[in-house]
Amino acid sequence: MSEQYSADVVVVGAGICAGTVAKELAEAGLSVLVLEAGPRWERGEVVENWRNMPPVNKSESDYATPYPAQPWAVHPQLNPYNEYPEVSEPDASAFRQGMIKGIGGTTWHWAASCWRFLPADLQLHSTYGVGRDWAVTYDELEEYFLIGVNGPNDTSLKYVAPLKKPFPMEPMPYGPADRRFTEVVAQAGYINTPVPQGRNSRPYDGRPQCCGNNNCMPICPIGAMYNGIHSVVKAENAGAKFIPNAVVYRIDTDKDNNITAMHYYDPDTVSHTVTAKTFVLAGNGIETPKLLLLAANDRNPNGIANSSDQVGRNMMDHPGILMSFQASEPIWTGGGSVQMSSITNFRDGDFRRDHSAIQIGMNNTSQNHKAGVKALQMGLVGKKLDEEIRRAACGMDIYVNHDVLAHPDNRLTLSTERKDKLGIPFPHVTYDVGDYVRRSAVHSRQHLMNIAKLFGATEIEMTPWFNPNNHIMGGTIMGHDPKDSVVDKWMRTHDHKNLYIASGGAMAAAGTVNSTLSMVALSLRACDSIKKEMLHA
């Protein structure tokens, strides 16, 4: 039977941005209703899914399988890949994302890297004459960096963003691999910086200290790593209501183009209606533009919030290159969390006028799964099998992430080929990393080979293509001019005064580092605007 609901604020999506918005607004005394397309998982259930997953999936870093996609809430399944989203060449490999749909969102299985963008990243065009500027400056955003983060407070570190206040926790202690990595790369002048992380290096905010399970992706079994579900629970404690398996497909507008209602399907394709004074789209940078295009109506024939024709354009991630090799000595990755080291020498500089900045990192993920599957595939048994598996101690994965420029031709549209169970089209993304990245990649590959040489590497494998990093940006880009952007500096859509977008989709330039901390900061800015509008008008 169809239901109708009403609240002060309706939020679409239940990931880290949505959970943050729901918590902030519910704690301020507003009634909040949250609609999430996917199901609700329990931590123990996901841990068991991970333990029982096929070894080949584990060896190939398949983090989606423990979170099964639903027919009404399809998300990417990576092995085998299910073509969600559809991606077209020339660089389709660089946008095959690893997002998941469900209460808590993709941060269930993230590495929890919580880098801050540099001030120049937010003013890329003003500083270097390329790309676009964000509609906010670093100083305006800094007060909203509120996730409990451990990180380095040493202000002398090269190309680390400025801090007005120290990180609330000291960095995690390095394990043997990160310690050795730091020593070896220093021989060539590479500076290894501890990665700021959203996991506890001491008991904090009611969560335990990280004990180094080393399977942060796909699931922290003890909850020491921050993810969206923690904000969801706090929001529920403050009175917010979450409805899982609720797929929004239609948005109504009035004569003034205000949003008046949203409609969602349940898994049986029964339609339900929600009304509110303010609406917030807080899905990721793929699902939000997909919904805006899907919900086109008579007043907005090109899509909701799309008078600029920028919805679905400027899609970005951090195009990556991955290198694996056998070091000439045991490195022993797997001690501690999965990403703790990063070379930041090349995050900024005047070279950005010509080619992209980069971040170089080492994956501290244990090599056991990969080595074990490889040994079995070789047909080894007995002593030879044992010896091959033990070579995992020498295995290393080094990666480079590139800055990519916002470009309107990197575009999401609605598929004409594939639909989900509810009849909703898959998103289709056309993606080209651009010559700005390709020029940089020449240097990136040289850096990777330099590092391999320092480790006396053998069996070197390097991806000839660009791989994705699940840092989805663009699609609902911010700007001061309604003619070339979707939202303003407070994440309010230019076209609809009571519709906000709390998402990485608003980001106008990608920088070189993980985007989640900044996505949450932008969402908190949106909350301030909503509270001012609704509580202090």
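**Exercise 1.** With which side chain does the side chain of Asn-469 make a polar contact?

*Solution.* The model is a predicted one, in which local features need pLDDT of at least 70 and side-chain atom pairs count only at pLDDT 80 or more, while totals for chains, interfaces and linings use all residues. Residues are numbered from 1 along each chain as its sequence is written, and side-chain values use heavy atoms, with hydrogens and water left out.

Begin with the place of Asn-469, which is in the loop between β15 (458-462) and β16 (499-501); strands (E, at least two residues) and helices (H or I, at least four) are DSSP runs, numbered from the N terminus. Then look for a polar contact, that is, a pair of N or O atoms within 3.5 Å, where within protein one must be able to donate a hydrogen and the other to accept it, and where residues adjacent in sequence count only if both atoms are side-chain atoms. The partner is the side chain of Asn-401, at 2.9 Å.

Next, list the contacts (heavy atoms within 4.5 Å): leaving aside residues up to four places away in sequence, Asn-469 touches Asp-317, His-318, Pro-319, Gly-320 and Asn-401. Finally, Asn-469 has a relative accessible area of 19%, and it therefore counts as buried (under 20% relative accessible area, with exposed over 50% and partly exposed in between, using a 1.4 Å probe and protein chains only).

**Exercise 2.** Describe how the rings of Tyr-190 and Phe-346 are arranged, and set beside them the rings of Tyr-249 and Tyr-265.

*Solution.* A pair of aromatic rings is described by the distance of the centres and the angle of the planes. Rings of Phe, Tyr and Trp (its six-membered ring) pair if their centres lie within 6.5 Å, and planes under 30 degrees apart count as stacked, over 60 as edge-to-face and the rest as tilted. By this rule there are 10 aromatic pairs.

One of them joins Tyr-190 and Phe-346, with 6.3 Å from centre to centre and 75 degrees between the planes, an edge-to-face arrangement. Tyr-190 lies in the loop between α7 (176-186) and β4 (192-194) and Phe-346 in the loop between β10 (339-343) and β11 (358-363), so this pair ties together parts that are 156 residues apart in sequence. Tyr-190 is buried at 7% relative accessible area, whereas Phe-346, at 23%, is partly exposed.

For Tyr-249 and Tyr-265 the ring centres are 3.9 Å apart and the planes meet at 5 degrees, so the pair is stacked. Tyr-249 belongs to strand β6 (residues 247-253) and Tyr-265 to strand β7 (residues 259-265), 16 residues apart. Tyr-249 is buried at 16%, and Tyr-265 is buried at 18%.

**Exercise 3.** Is His-480 buried or exposed, and which residues does it touch?

*Solution.* First locate His-480, which is in the loop between β15 and β16. Its relative accessibility is 61%, so His-480 counts as exposed. Not counting residues up to four places away in sequence, His-480 touches Ala-135, Ser-485 and His-494. As a last step, compare sequence with space: His-480 and Asp-133 are 347 residues apart along the chain, and their C-alpha atoms are separated by 9.9 Å.

**Exercise 4.** Which residues of helix α10 (residues 368-377) are buried?

*Solution.* The buried residues of α10 are Ala-371, Gly-372, Val-373 and Ala-375. These buried residues pack against α3 (55-59) and α11 (382-390). After the helix comes Gly-379, whose phi is positive, near 80 degrees.
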